[in-house]
Amino acid sequence: MPHVTRTTALPADGAGPPPRVPSAAAEYLQLVLDDAAAIEYEGPLVRARSGGADPESLAELERVRLLALQVRAAFAARRRRESELSALFDTASDLATLRGVDSVLTAIVRRARQLLGTDVSYLTLNDDARGDTYMRVTDGSVSARFQALRLPMGAGLGGLVAQTAAPYSTASYFTDSRFHHTDAINNGVREEGLVAILGVPLIRGSQVIGVLYAADRTERTFVRSEVALLGSLAAHAAIAIDNARLLEETRTALEELSAATRELRAHTESVERAAGAHDRFIDLVLRGGGVEDVAAAVTEALGGRITVLDEEGRPTSGDDGALPPDPAGALALARSTGRTVGDGGWWTAAVTVGSDLLGGLVLQRDGDLAEGDRRILERAALVTALLLLIRRTASEAEGRVRGELLDELLTVPLRDPEGLRERARRLGADLDRPLAVVVVRVEERCRGRALAAAGHLAATRAGLAGVRDGRVVLCLPDLAAGEAAALARREVAAAVGRPVTAGGAGPVPGPAAVAAAAAEAARCASTLLALGRDGQSASAGELGFVGLLVGEGRDVPGFVQATLAPVLDYDARRGTDLVATLRAWFDTGGSPARAAEALNVHVNTVTQRLDRVGRLLGRGWSSPERALEVQLALRLHRLTAADGS
C-alpha cells in the first residue's frame, strides 16, 4: 500500500483551535490503513504542539500515536507471519508432490534466504561413509570454494549444532569462540564474506543428519522468531530427505521385486524349455533319430542356428558361416571344461564319450545364453554322443562282418563260394552281380575315417568294404572300374579331409574273380603314385599303354582301338593309308623327307597326311608320351593283323 502523508488544514492566519483528539485518532487510523511509514506518525503530534495544544491533549495524542504504532507493528508481524506460513505451506506442498529431493531442498534454502532476508542460505548433510559433512545446496553463494566445502564432524558452527542438536547463531563468526575453528572452514567462510550465521539442525528421529543455515555478510543478531522459522524449514527439509530415502528404498525394493519376478519367469520358461527338450531328446533316442534331428530339436528350443562339428572342429552339417572364429579352439576348451563355451554370439558344446572327442555342437544366437539354456545345449551334446556311439557300434559291427566277408573273397584259393554268397545276401550284397573292385591308398593315421567312409559307401550301394594289407578295399556292384574308383576316391577324400589315390578293376563276374581284380586295382593305385599322379583315380584301361603292363586282362585290341580309332576309321572310310604313313614316319626317326622316300611319295604328301593325323588324334599326339603310346599301338596293330585277331 503506498505511503500517503496527510496534513490537517490550518486557518490562513496560522491561528485557530488545536486539533481535537478524536480527529487526531481518526488520522492515526488512516495512517495505519495506508501502511504509512513510522515517521509519518509524528505529524499530528507536531501540528498539535505548533497549534498550542494543552499538555493534557498532547499526552492523550501521544498515547494514541503509540497505540497506532503498536497496531502498525502488529499488522506488520501478522503479514510477516502470513508470509512465513505461506512459505511453509508451499514447502509442505512440495513435499506432498515430491517433485524430487533436489528441487525440494533447493526451494527450502531459497525460501529461508528470502524470509529471513539474509545474503546467503545453505544446507549441509552428513556423509557417514566418509565421516564428514558436505555442502548439499546453496543459494546466494558466489564462492566456488565455499560451495565445495567439506567440514569435519564437530568443526565450525555446524559442528556445534550437530553435537547439541540445537540451533546456534553468531553475530560475528570469526570472533566467536564457542565452536571449533579450522583453517579450511575459515577460508571458505572468509572467501564468501560471511559474518553473521544462524544454523539449525536437520533431525531424523533422534539423529542429526545435517544443518540448515542462514547467513549475512554484515553483523546481525537473529531473533527468536527467525530461529523458529528456520527450524520449521529445517524440519521440512529433514522430512523431504527422509521421504526421498523411503521412496528410494521403495523404488529399489520394487525394482528388486520386478527383477526377481523376471528372473523367476525366465527360470520357469527355461525349466519348461529344458523339460520339453528333454522329452524330445528321449523320443529321438527311442525312435533311432539322427544327429540332424538333435540339431533341429535344439533350434526349436533355443532358436538360432546349429552347426555340427567333427572331432577336428570342421563342420559336418549346418551352416558353415555359423562358426566361431576358432572352432577347433572353442571345441578343445569345451572338451577340457565339460561346459558350454561362449565366444560372442557362438556357443560350443563338446560331444564326448569318456575321454574320446567325437565332435561338437555350435549354436549361433544373438544375446546371452541363460544357464538353463546352456544345460539344454550340453544335454543335446550328450544325446548326440549317445546316437553317434550307437551308430558307431552298429557300423563297426556291420563293417567288421563286411570286412571279414571281403577278406575271405580276397583269399586264394576261394573256399565255400556258396556260403559267401549267402552271407553277402544277409548283408544286402549280391556277389553274382558284376563287381568293380577299388583299392584306396591312404595314410595310416587316416585309415579309420577312410574305412568308415568306405563302409558307408558300400552299405548304401549293396557292396562290401574292408582293410587288406593296410589298404582300403571296396567291392561295388554295377559300376565300371574307373567310375567306381572315382566315386570311392571322392567319398574317402571328403571323410579324411585330404586327397587319396584309388585304383579300380573289373567289373568281374562272381566271387572267384574278386581277388585277381583287387590285385589289379592295387597295381593301378601304385602305378598312379609312381607316375606322380597322387590324389587321382584310374583303372587299367584309363592308364593307356601302362595299363597293359598292370592290367590283369591285358586288352590289346582295346588299347589299339582306344589309341588309333580315329585314324583307323578314317582309312576305312576313305581308302587312305594314314597308318602306313605313321609307321614310316616313326621308322625314319620322325623325318618327313625320309618317310616320303620310303613310301615313294612327295614330301608334301607326307606333310599333309601328318597334318590330317594331328587333326584326328588331337594336339600333342607327337609329344614323347603320346608318341610312345601311338607307336606301341601301331606295333600291336601290325601284330594283331598278322595273326588274324
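**Close-ups of a predicted model**

**View 1. Helix H6 over its strands.** Helix H6, covering residues 156–164, lies across E4, E5 and E6. Its direction is at about 155° to E4. Keep in mind that everything shown here comes from a predicted model.

**View 2. The six-stranded sheet.** Here's the sheet that H6 lies across part of: 6 strands make an open sheet, and reading across you get E3-E2-E1-E6-E5-E4. The pairing is antiparallel. The edges belong to strand E3 (150–152) and strand E4 (168–170), each of which pairs on one side only. Ignoring direction, neighbouring strands in this sheet are turned by 25° against each other on average.

**View 3. Zooming in on E5 and E6.** Strand E5 takes in residues 196–204 and strand E6 residues 207–216, and the two pair in the antiparallel sense over 9 bridges. Which residue in E6 is the bridge partner of Gly-199? Look for Tyr-213.

**View 4. Helix H4 on the sheet.** Helix H4 (residues 101–116) lies across four strands we can name: strand E1 (120–127), strand E2 (132–139), E5 and E6. Against E2, H4 runs at about 70°.

**View 5. Helix H2 and what comes after.** Helix H2 spans residues 43–50, and its buried residues are Gly-43, Pro-44, Leu-45, Arg-47 and Ala-48. So much for the helix itself; H2 is followed by Gly-52, which has a positive phi, near 80°.

**View 6. Strand E14 and its two partners.** Strand E14 (residues 471–477) is mostly covered, with 6 of its 7 residues buried. One partner is strand E12 (residues 434–441), which pairs with E14 in the antiparallel sense over 6 bridges. Within that pairing, Val-440 has Val-472 of E14 as its bridge partner. Strand E13 (residues 464–468) also runs antiparallel to E14, and 5 bridges join them.

**View 7. The E13–E14 hairpin.** How many residues sit between E13 and E14 in their hairpin? There are 2, and Asp-469 in the turn has a positive phi of about 55°. Next to the turn, Arg-468 has Arg-471 in E14 as its bridge partner.

**View 8. Stepping back to the protein chain.** Pull out from the close-ups and the secondary structure comes to 21 helices and 16 strands. Of the 645 residues, 42% count as buried. The accessible surface is about 33000 Å², and carbon and sulfur atoms account for 53% of that. Among contacts between residues at least 6 apart in sequence, 59% join residues at least 24 apart.

Technical notes: Residues are numbered from 1 along each chain as its sequence is written. This is a predicted model: local features need pLDDT of at least 70, side-chain atom pairs count only at pLDDT 80 or more; totals for chains, interfaces and linings use all residues. Side-chain values use heavy atoms; hydrogens and water are left out. Two strands pair if DSSP finds at least two bridges between them. Axes are lines fitted to C-alpha atoms, for helices over the stretch in contact, and angles run from 0 to 180 degrees between N-to-C directions. Contact means heavy atoms within 4.5 Å. Buried means under 20% relative accessible area, exposed over 50%, partly exposed in between (1.4 Å probe, protein chains only). Accessible areas come from the Shrake-Rupley method with a 1.4 Å probe; for residues, only the protein chains shown count as cover.
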